[in-house]
Amino acid sequence: MFVSAIIAAGGRGLRLGGAVPKQLLAVQGKPLLERSVDLFLGHPLVDEIVVALPAEFVDNPPPYLIGTRKRVRIVAGGARRQDSVARAFAAVDRAADIIVIHDAARPFASEALVERTIRAASESGAALAAMAARDTVKLAARKVNASAPSMVETTIPREDVYLAQTPQAFRHEVLREALALSERDVDATDEAMLAERAGYPVQLVEGESSNIKVTVPDDLPMADAIAREAGVEQPVVRVGTGYDLHRLVAGRPLVLGGVTIPFELGALGHSDADVVCHAATDAILGAAALGDIGRHFPDTDPQWKDASSLRLLAHAARLVRRHGYDILNVDVTVILERPKIKGFIDRMREEVARAVGIHDEAVSIKGKTNEGVDAVGRGEAVAAHAVAALATVRRPESHVRS
Ligand code: MG
């Protein structure tokens, strides 16, 4: 079963009164749209996502819609909600069996509710999440004029009343016919209504009281409380290792951690051959699974000839940050027979920390000898090992292969 998710975020959200469309507002530090997108990115049944955004955001979408682990397509929303959904539907994979539609402004739907709705649609053709009415339901009489008081026409049996939510899910052909009605100028506040009008049975799936729609300022405190209840998302920590070795030769400077250390030999290499920076760069790239130093800074590239390796390190740090990671710490062990580097370690830590963009205390550099054993021990080479830890704040399941 191939499942496409459509997230309706095309509205301008003027009802919340701000300059930012409501779906881009943050609750507990995270935009409503990002929360809704994450629900489907992390959902094991969903294969792709199409987001209908206000047209002015299509060329410059929010960063959390880029570089995602599932395909996310972005389309420009239309005048009405159903127009936005129709445009998104046109971008859905033709192989999709089920299309599940969700409001960006309902960021608290559970993974289980999405699954129940998808399975019900697979069975019945169309399904929506809905809440049984808890209050007594009155039908108001048509007013004789606008200033007349509202009068009760009748009381509707409460057990027959459900309040519609999203997600709403449809078999491909059902949604196609439902949206075709929409083109014929039928106005609908949800897609289930179009499916009903097209003559399809629509199954009710028990909704969730926390699956609120954030549309007016009064909804924000409730949204905030639900987000807090859902808990702080767990940071995901990733670790990378790096290793480097360069020969020691006469006529070259010995640069370690960006600091030139007076010695009769220096490290041979294309750049300044700084093993501390090279090992740290590989550790940082490795933690993000972004390849290695050779891929990003090939020694055939003249711009890195004799370059300070602090620049390589800084470049790698920027790269992983662009991929959404924070750098937590870097720990390096230098293996060098002579000279003693103890007196240079604090300066090396400062240089490395500045290049990486973290505090000095988050950088550790230790010196070791190789006890006279092997080429390093004979003083023919200098080597370094490094470990780096990165963190990203995500739903835990987004790092699990589904
Ligand atoms: Mg190297």
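These are my notes on a metal site, a helix pair and one loop residue in a predicted model.

**Magnesium site**

I started with the magnesium ion. I found it coordinated by D244 through OD, listed twice, by H246 through NE2 and by H278 through ND1. The distances run from 2.1 to 2.8 Å. I then looked up the spacing of the donor residues in sequence, which is D-x1-H-x31-H. The two histidines link distant parts of the chain. I placed H246 in strand β12, residues 235–250. I placed H278 in helix α7, residues 275–287. They lie 32 residues apart. Are these histidines buried or exposed? I noted H246 as buried, and H278 as buried too.

**Helices α2 and α4**

Next I turned to a helix pair. Two packed helices are described by the angle between their axes and the distance between the axes. I looked up both for α2, residues 81–90, and α4, residues 172–183. Their axes come within 10 Å and cross at roughly 135°. That angle makes α2 oblique to α4. I logged the crossing as left-handed. Which residues make the contact? From α2 I listed Q82, D83, V85, A86 and F89. From α4 I listed H172, L175, R176, L179 and S182. By class, I have five nonpolar, three polar and two charged residues in this contact.

**S308**

Last, I checked S308. I found it in the loop between α8 (293–296) and α9 (309–322). Its relative accessibility is 30%, so I entered S308 as partly exposed. I also looked up its separation from G367, 59 residues apart along the chain. The C-alpha atoms of S308 and G367 are separated by 21 Å.

Technical notes:
Residues are numbered from 1 along each chain as its sequence is written. This is a predicted model: local features need pLDDT of at least 70, side-chain atom pairs count only at pLDDT 80 or more; totals for chains, interfaces and linings use all residues. Side-chain values use heavy atoms; hydrogens and water are left out. Helices (H or I, at least four residues) and strands (E, at least two) are DSSP runs, numbered from the N terminus. Buried means under 20% relative accessible area, exposed over 50%, partly exposed in between (1.4 Å probe, protein chains only). Axes are lines fitted to C-alpha atoms, for helices over the stretch in contact, and angles run from 0 to 180 degrees between N-to-C directions. Angles under 35 degrees count as roughly parallel, over 145 as roughly antiparallel, 65 to 115 as roughly perpendicular and the rest as oblique. A crossing is left-handed if the near helix is turned anticlockwise from the far one by less than a right angle, and right-handed if clockwise. Contact means heavy atoms within 4.5 Å. Ala, Val, Leu, Ile, Met, Phe, Trp, Tyr, Cys and Pro count as nonpolar, Asp, Glu, Lys and Arg as charged, and the others, Gly among them, as polar. Donors are N, O and S atoms within 2.8 Å of the metal (3.2 Å for Na, K and Ca); water is not among the atoms, so sites may look incomplete.
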